[in-house]
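This report describes selected side-chain and backbone features of one protein chain. It takes up aromatic contacts, surface charge and backbone geometry in turn.

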Amino acid sequence: MLKVLKTLGILYLILGGCLLFAQLLAFSARLVLFPMGFIFLLGGAVCLLYRAYRIRRAQRLKVGGVCITARVIRFCRDRMFRMNGRYPHYLLCEAQDPFGAGMRTFRSESIWIKLPDHFAVNSPVTVYIDPQHPRRYYVDLQAALPYPVS
C-alpha cells in the first residue's frame, strides 16, 4: 500500500507542477490551470507525507515499542482497494495483550503478495506495541518474508 501512495504522490506532484507551469505560459487559462495545478500538487504532497509518516511510525515502534509474538489466525483480502483486478492481502493475528487482560487481535498492513504462500495458520509473527498508546501497533511482516517488500 505504501508503494501505491508513493507512485500516486509522485504522479500528482508532476501533474500539479506541469499545470502550474502551464498557467505561466497560457495567461488566458490561468483561472483554470492554477487551481487544478495547486490541487494536484497538494494531493501529491499529502500522499507522500502520509507514506513518510507510516514508515517513520513503524521504525519508531520497532525501536521503542514492546515486542510480542502473535500467532496468525486468518488471511484476508483487502476489498477496499483494487489494482489491475487484484486485491492486496493482510493477515489477522492474535496474542495476549501485555497491557490488559485477555487476547487481542492485530491486523497487518495490506501487502501485494499472497500471504498464505509465506505464512501458515498458527505461525508466529512479531508485533510491536506503543507502551504509551497501546492501540498503536505494527505487525512486522518484513522480518518473516524471504525478500523485502515495500
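## Aromatic pairs and loop features

Phe34 has a relative accessible area of 42% and is therefore classed as partly exposed. The model in which this value was computed is a predicted one. Phe38, with a relative accessible area of 46%, is likewise partly exposed. Both phenylalanines belong to helix α2, which spans residues 30–64, and they are separated by four residues, or about one turn of the helix.

A search of the whole structure yields five aromatic pairs. Phe34 and Phe38 make up one of them, in a stacked arrangement with 6.4 Å centre to centre and 20° between the planes. The pair counts as stacked because planes under 30 degrees apart are assigned to that class.

Another pair joins Phe81 and Trp112, and its geometry is edge-to-face, with 5.9 Å centre to centre and 70° between the planes. This pair links distant parts of the chain, its members being 31 residues apart. Phe81 lies in the loop between β1 and β2, whereas Trp112 lies in the loop between β3 (103–107) and β4 (124–129).

How do the four rings of these two pairs stand with respect to accessibility? The table sets out the values.

| Residue | Relative accessible area | Class |
|---|---|---|
| Phe34 | 42% | partly exposed |
| Phe38 | 46% | partly exposed |
| Phe81 | 25% | partly exposed |
| Trp112 | 19% | buried |

Trp112 counts as buried because its relative accessibility of 19% falls under the 20% limit for that class. Phe81, at 25%, is partly exposed.

The loop between β1 (66–77) and β2 (89–96) also holds Arg86. Arg86 has 47% relative accessibility and so counts as partly exposed. Together with Arg77, Arg79 and Lys114, Arg86 forms a positive surface patch.

Which backbone feature marks Asn84? Asn84 has a positive phi of about 55°, although it is not a glycine. Asn84 is placed in the loop between β1 and β2, and its relative accessible area of 76% makes it exposed. Asn122 likewise is not a glycine and has a positive phi, here of about 75°. Asn122 is located in the loop between β3 and β4. Such values stand out because most residues other than glycine have a negative phi.

In summary, the loop between β1 and β2 contains Phe81, Asn84 and Arg86, while the loop between β3 and β4 contains Trp112 and Asn122.

Methods. Residues are numbered from 1 along each chain as its sequence is written. This is a predicted model: local features need pLDDT of at least 70, side-chain atom pairs count only at pLDDT 80 or more; totals for chains, interfaces and linings use all residues. Side-chain values use heavy atoms; hydrogens and water are left out. Patches are made of residues with over 30% relative accessible area and no salt bridge: like charges are joined within 9 Å, nonpolar side chains (Val, Leu, Ile, Met, Phe, Trp, Tyr) within 5 Å. Accessible areas come from the Shrake-Rupley method with a 1.4 Å probe; for residues, only the protein chains shown count as cover. A salt bridge is a side-chain nitrogen of Lys or Arg within 4 Å of a carboxyl oxygen of Asp or Glu. Lys and Arg count as positive and Asp and Glu as negative; His and the chain ends are not counted. The place of a charge is taken as NZ of Lys, CZ of Arg, CG of Asp or CD of Glu. Helices (H or I, at least four residues) and strands (E, at least two) are DSSP runs, numbered from the N terminus. Buried means under 20% relative accessible area, exposed over 50%, partly exposed in between (1.4 Å probe, protein chains only). Rings of Phe, Tyr and Trp (its six-membered ring) pair if their centres lie within 6.5 Å; planes under 30 degrees apart count as stacked, over 60 as edge-to-face and the rest as tilted.
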